[in-house]
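Work through the exercises below with the sequence and the 3D structure in view. Each task is followed by a solution in steps.

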Amino acid sequence: MKITSRVGSLSEIETPLLVIPWCQESGVEEEVAEPLPENLGDLDAALGGTLGRALTAGDFRAKKRQSLLLYRMGTQGPQRVLLIGVGPRAALVAERLREAGGQAAGRAREVAVAELCVAAPDAAGGAREAREAGEAGGAGGDGSLTLEAAVRALVEGLVLGAWRFDEFRSSPESPDSPALEKVEILMADRAGQGVVSAAVQVGEVLGRAQNFARELAVRPGNVATPAYLAEQAQALGKDLDLEVTVLTPHAMREEGMGALLAVAAGSDEEPRFIVMEYKGGGKEAPLVLVGKGVTFDSGGLSLKPPAGMESMKYDMSGAAAVIGAMKAIAELGPKVNVVGLVPSVENLPSAHSMRPGDIIRAHSGTTIEVLNTDAEGRLILADALSYAARYEPKAMVDAATLTGAAVIALGHHAIVLMGTEPDLLEQLQEAGERSGERVWQLPLWEEYREQLKSDIADIKNTGGRPAGTITAGMFLREFVGSIPWAHLDIAGTAWANEAGPYQPKGPTGVGVRLFTEWVIGRAS
Ligand code: BES
Ligand code: MN
Ligand code: ZN
């Protein structure tokens, strides 16, 4: 897909599909018809007045996700015009435009067009005041959505919404709908052109990196093995400004990564420890991203029940988020140093598996009593978190599909956030709002530590049923040392059971936008 921006008139543009994101001007009162903006008179004429009539009739009120497809009367100008509602102007947030982008890509597929034009959110209907709005934040919701944030989100939505995955089909699922090849962002004039083209680039990089993460997560356990993830990371290292190092079991043993190796023991697939370094910040201490890379989680000897076990191929979604974010970061080139760490294993039962009751020694030296081999994510993360100390990072954030309890606590609409440094937690909260990958904090109170006390070792790997997400966070905290650290439990957000405007059923690639947003916010 090629995305560019250009100046042009909505009524004269030659395109099979013109998309207009449309803000509700009449406020939240649903019974009021939307006015026809003055600058759309020509377009209305080209559409034989149907646009104006649809508005007067109240058929299109620009409610969020509402859409209307119109056709031209003559033989010139846009063949089709798709209005997409983004809700009341006063409540406009970037997520509405991300959704509009996804809807546009979906409609393009339905009407089988390979190219489309989208009116830049300020060219008509959309966030018209965007340009005047302040630079700070830009997340919107209070009239503060910037043109930059609006265009970026729109482009993200287009790239994410156009994503399809036919790799394992002998022939494409829908051979008649062409891939979206060309997208033009249409501006009314040259003001803001620089902002728009920069925003297009950022949105495209983020959308593609997220799609890349989705593809890592959707590939099954027999394909996307730890060695495969390492190869994918190394391939990125060849193309981009990333230094990629991969530790094999021999090196892990020398490092003393006893927890990672214990989880890996049950599988014939060798574990990998992937290190990706991006150096944009000179001699400064880096930020560290850590991602859980369990390529398949059967539970091990504490075997999971069969129903739904197949979904545990996405237990490497934290790894996908880190690898995807490192790709985006290397492409955007911020002035900051970043290290991505991915411990990757497969968790299977066998004659070599670790047993419930085993006591293992983590990389930090801490001894762990393994009460449940299905609490494996925290074990591999323990070794990665203490390994990170050698970088003396400014801050460290991990992402993991860590606990089923996170799904129970917050469902599918929020990432669980935990950590000890208020500043870092606040940065992640803001990055969550801006990227549309929102987080919600749970506490890491000392009282919860009790649940992890072992009768025989330094710590045990499960804290029982109460507050399962928090005790997992408390477990990780033991291995962090003095580094400012936060943990993201993405168990509820890494896989979509239902399709959304820019999200088909399947892997979401969550974390790529959040990580990248946070890192860019920390760059100088
Ligand atoms: N990968 C799972 C967590 C998970 C569950 C992710 C559902 C996505 C959807 C993790 O390794 C796990 O099995 N956790 C256990 C921990 C328990 C044994 C303490 C869980 O949540 O049940
Ligand atoms: Mn598990
Ligand atoms: Zn797991």
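A contact means that heavy atoms lie within 4.5 Å. The model is predicted: local features need pLDDT of at least 70, side-chain atom pairs count only at pLDDT 80 or more, and totals for chains, interfaces and linings use all residues. Residues are numbered from 1 along each chain as its sequence is written, chains are lettered from A and ligands numbered from 1 in the order in which they are written, and side-chain values use heavy atoms, with hydrogens and water left out.

**Exercise 1. The whole chain**

Task: Describe the secondary structure, the dimensions and the contacts of the protein.

Solution.
Step 1. Count the elements: the protein has 14 helices and 20 strands. Helices (H or I, at least four residues) and strands (E, at least two) are DSSP runs, numbered from the N terminus.
Step 2. Find the box: along the principal axes, the C-alpha atoms fill roughly 80 × 50 × 45 Å.
Step 3. Check the radius of gyration, which is taken over C-alpha atoms; the globule rule is 2.2 Å times the number of residues to the power 0.38. The protein's 24 Å agrees with the rule, because a compact globule of 524 residues would have a value near 24 Å.
Step 4. Take the contacts between residues at least 6 apart in sequence: 77% of them join residues at least 24 apart.

**Exercise 2. Confidence**

Task: State how confident the predictor is, and where its confidence drops below 50.

Solution.
Step 1. Use pLDDT, the predictor's confidence in each residue, from 0 to 100. Its mean for the protein is 95, and 95% of the residues reach 70 or more.
Step 2. Locate the drop: pLDDT is below 50 over residues 127-137. Beyond near neighbours in sequence, this stretch has 26 contacts in the model.

**Exercise 3. Surface and charge**

Task: Give the buried share, the exposed area and the separation of the charges.

Solution.
Step 1. Sort residues by relative accessible area: buried is under 20%, exposed is over 50%, and partly exposed is in between (1.4 Å probe, protein chains only). Of the 524 residues, 59% count as buried.
Step 2. Read the area: about 20700 Å² is exposed, with carbon and sulfur atoms supplying 49% of it.
Step 3. Compare the charges, where Lys and Arg count as positive and Asp and Glu as negative, while His and the chain ends are not counted. Each charge is placed at NZ of Lys, CZ of Arg, CG of Asp or CD of Glu. The mean positions of the 49 positive and 69 negative charges are 2 Å apart.

**Exercise 4. Helix α13 and the residue A467**

Task: How many residues of α13 are buried, and is A467 buried or partly exposed?

Solution.
Step 1. Helix α13 covers residues 468-477, and nine of its ten residues are buried. Among them are G468, I470, M474 and F475.
Step 2. A467 is found in the loop between β17 (459-460) and α13. A467 counts as partly exposed because its relative accessibility is 29%.
Step 3. Most residues other than glycine have a negative phi. A467 has a positive phi of about 50° although it is not a glycine.

**Exercise 5. A second positive phi**

Task: Place A62 and describe its backbone and cover.

Solution.
Step 1. A62 is in the loop between α2 (50-56) and β3 (67-71).
Step 2. Its phi is positive, about 65°, although A62 is not a glycine.
Step 3. A62 has 0% relative accessibility, so it counts as buried.

**Exercise 6. L488 and A120**

Task: For each residue, find its element, its cover and its contacts.

Solution.
Step 1. L488 is in strand β18 (residues 485-489) and, at 1% relative accessibility, counts as buried.
Step 2. Leaving out residues up to four places away in sequence, L488 touches ten residues' worth of partners, including V397, I415, V439 and F515.Step 3. The C-alpha atoms of L488 and G419 are separated by 8.9 Å, with their positions 69 residues apart along the chain.
Step 4. A120 lies in the loop between β5 (115-119) and α4 (147-161) and, at 0% relative accessibility, counts as buried.
Step 5. Leaving out residues up to four places away in sequence, A120 touches I185, L186 and M187.

Definitions and conventions. Accessible areas come from the Shrake-Rupley method with a 1.4 Å probe; for residues, only the protein chains shown count as cover.
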